[in-house]
Amino acid sequence: MYLELFKLKELPFRLSPDPQFLYLSKQHARAKAYMESTIWFTDGFVVITGEIGSGKTTLIESFLQEIQRDVVVAQINQTQVSAVDFLQAVLVQFGFSPFKMKKAELIATINNFLVEQYAADRKVLLIVDEAQNLSLRVLEEVRLLSGVETTKEKVLRIILAGQPELNEKLDAPELVQLTQRIRLRFHLGTLSPAEMRGYIQHRLEVAGAADREIFAEATFPEIFRYTGGVPRLVNTLCDTAMMSAYGVDRDHVIADDIASAVQELRWVEFQARTQQHSRSQAESGAPARSAVDGTRELVGKLIIATEGRTLSEIPLKLGRVIIGRTADNDVQIDSRFVSRHHCQIIATGQGCVVEDLNSTNGIHVQGKRVRRHNLNDGDVVVIGKHEIMYVDERLSARRKDFTETVPGAQAPAPQPETGEGPA
């Protein structure tokens, strides 16, 4: 291979999920932090989604390498299974030989094991990769397992990882009880051009390149043009380009090598490939997913203030907004009274909810500390020394529609709703 020519210790762009090559972009670091939170909190699932090749499995492997010794892990990767097969797979991970057990015995054995581990002061974590392939029946079994508890807390921590279809499946009406138990959801998007460049240089450095420039500056825009920042595609194109340079005995990659690799792989530009995929989905009747944040409906805004001063106004769209102290949040509030990931606001077609993310100082509405609160227009959420006012743009739009449709009508005054939602 080309290792000797490029003076590398190992192949930098292998497709296998090697944790030492993990590049923690802003979003990968945040997803990993969410995984780590499962070790300390047992009050719900963590769901990590991402497109094929976005780095989910590598992230999981890196997380597992750093896990404490008092954590017992069951990792399930084969997910096209029946409910009984799934329960057997979990018990195999825990060291049992369960293949002659009936379903009731499987469940009882898992429950007893979980309680025993809790009594021995050990934590138990279940990680399911490729979870989008789980049937609704198996997902319901996962929910039932999550309900095993002592008098103090639930004893099984659960991470579900999968492709974006997992979110669509979890939102099915049949899984409403499971969805209510999801504490955090995070979607791994593609790398930005700057992150992609850092990703390539990081992998080369780990492979032994040190500070040598193996990829010429002109190659990075071309790599992004054909990969869209998807890590697995970046690996494939970079590896093929290095083979092209190796073929002419050149110890660095230039734009011509990228072009040669693209021709060999028979790739088109990433944007054209995405559009073609969307057309195929439309023709097959499959629901299309938009990756462009700007296409989401604007539902309101958040006005952030402290000590009577307005600091910023944040547009609020359908989806999820994470608020916290560090820069990897959607909204950063740099204050020692604010936790790293303090709270989240979820906007849906039915309304908006604010949820505490196990912060130290909590969230307060109307002077009362709440864990979850259904937001009404004008509500003020206090976190630390900051105030966040929620403004519902949809409400004002409905009032306008009413007064324009009915001659002489006046907009109805907003009625107060119940404050705190279910914990």
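Let me begin with helix 5, whose buried residues pack against strand 2, helix 4, strand 3, helix 6 (136-146) and strand 4. Please keep in mind throughout that this is a predicted model.

Helix 5 covers residues 103-119, which makes 17 residues, and from its first C-alpha to its last it reaches 25 Å, close to the 24 Å expected at 1.5 Å a residue. Which residues of helix 5 are buried? They are Leu 106, Thr 109, Ile 110, Phe 113, Leu 114 and Gln 117. Seen down the axis of helix 5, these buried residues fall within an arc of 130°, so they line one face of the helix. As general background, an α-helix has 3.6 residues a turn, so residues three or four places apart point the same way. The face of helix 5 that is turned away from the buried side carries Ala 104 and Ala 119, which are exposed. After helix 5 comes Asp 121, and the phi of Asp 121 is positive, near 65°.

Let me turn now to the sheet. It is an open sheet of five strands, in the order 2-3-4-1-5, and the pairing is parallel. Strand 2 and strand 5 (182-188) stand at the edges with a single partner strand each, so one side of each of them is left without a neighbour in the sheet. From one strand to the next, the twist averages 15°. Within this sheet, strand 3 (residues 123-128) and strand 4 (residues 156-162) run parallel and are joined by five bridges, and in strand 4 it is Leu 160 that serves as the bridge partner of Val 128. Helix 2 (residues 26-40) packs on the sheet, where it touches strand 1 (45-50), strand 2, strand 3, strand 4 and strand 5, and the direction of helix 2 makes about 155° with that of strand 5.

The last residue I would like to show you is Thr 79, which lies in the loop between strand 2 (71-76) and helix 4 (83-93). Is Thr 79 buried or exposed? Its relative accessible area is 1%, and because the cut-off for buried is under 20%, Thr 79 counts as buried. Leaving aside neighbours within four places in sequence, Thr 79 is in contact with Val 128, Asp 129, Glu 130, Ala 131, Asn 133 and Leu 134. Val 128, in that list, is the residue whose bridge partner in strand 4 is Leu 160. As for Glu 130, the side chain of Thr 79 reaches its backbone oxygen at 2.7 Å.

Definitions and conventions
Residues numbered from 1 in each chain as written. Predicted model: local features only at pLDDT ≥ 70, side-chain atom pairs only at ≥ 80, totals over all residues. Heavy atoms only, no water. Helix = DSSP H or I, 4+ residues; strand = E, 2+ residues; numbered from the N terminus. Buried < 20%, exposed > 50% of the residue type's maximum accessible area, 1.4 Å probe, protein only. Polar contact = N/O pair within 3.5 Å; in protein donor to acceptor, adjacent residues only side chain to side chain. Contact = heavy atoms within 4.5 Å. Pairing = 2+ DSSP bridges. Axes fitted to C-alpha atoms, helices over the stretch in contact; angles between N-to-C directions. Expected span 1.5 Å × (residues − 1). Arc of directions from axis to C-beta.
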